[in-house]
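Visitor: Can you walk me through this one? I have a few quick questions.

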Amino acid sequence: MESSQIKSIRARLNKTQKELAQLLGISIKAIHSYEQGWRSIPAHIERQMYFLLVNQRGGTNQKRKECWQVKKCEVKKECPAW
């Protein structure tokens, strides 16, 4: 995966660098470094990015319930999935 691809995927997911870092369990500096091409993207991060992209709601006809509705979360704004 190239740096331009990670920027493109982040844009399609509509996430900030901070939100994406939280979802992937890495630092914001790591995301910034990947996007700038300063560091190579590890295979496990690449897999997680593709997983997030595949599970995006875009092309499905079925309406999914949001995780915070299923789990009845009270702290939605602190959750990276929100």
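Guide: What follows covers confidence, then one helix, then one serine.

Guide: This is a predicted model, where local features need pLDDT of at least 70, side-chain atom pairs count only at pLDDT 80 or more, and totals for chains, interfaces and linings use all residues. Residues are numbered from 1 along each chain as its sequence is written, and side-chain values use heavy atoms, with hydrogens and water left out.

Visitor: What pLDDT does the protein average?

Guide: The average is 80, and 73% of the residues score at least 70. pLDDT is the predictor's confidence in each residue, from 0 to 100.

Visitor: Which elements have the lowest and highest mean pLDDT?

Guide: Helix α5 (residues 67–70) is lowest at 68, and α3 is highest at 93. Helices here are DSSP runs of H or I, at least four residues, numbered from the N terminus.

Visitor: Switching to α1. Which of its residues are buried?

Guide: Ile6, Ile9, Arg10 and Leu13, in a helix spanning residues 3–13. Buried means under 20% relative accessible area, exposed over 50% (1.4 Å probe, protein chains only).

Visitor: Why are they on the same side of α1?

Guide: Because they cover an arc of only 100° around the axis. The arc is that of the directions from the helix axis to the C-beta atoms.

Visitor: What does the face turned away carry?

Guide: The exposed residues Ala11 and Arg12.

Visitor: And what covers the buried residues?

Guide: The cover includes α2 (17–24), α3 and α4 (43–54).

Visitor: Now Ser33. Buried or exposed?

Guide: Buried, because its relative accessibility is 11%. Ser33 lies in α3, residues 28–36.

Visitor: What is Ser33 in contact with?

Guide: Trp38 and Arg39, leaving aside neighbours within four places in sequence. Contact means heavy atoms within 4.5 Å.

Notes: Helix = DSSP H or I, 4+ residues; strand = E, 2+ residues; numbered from the N terminus.
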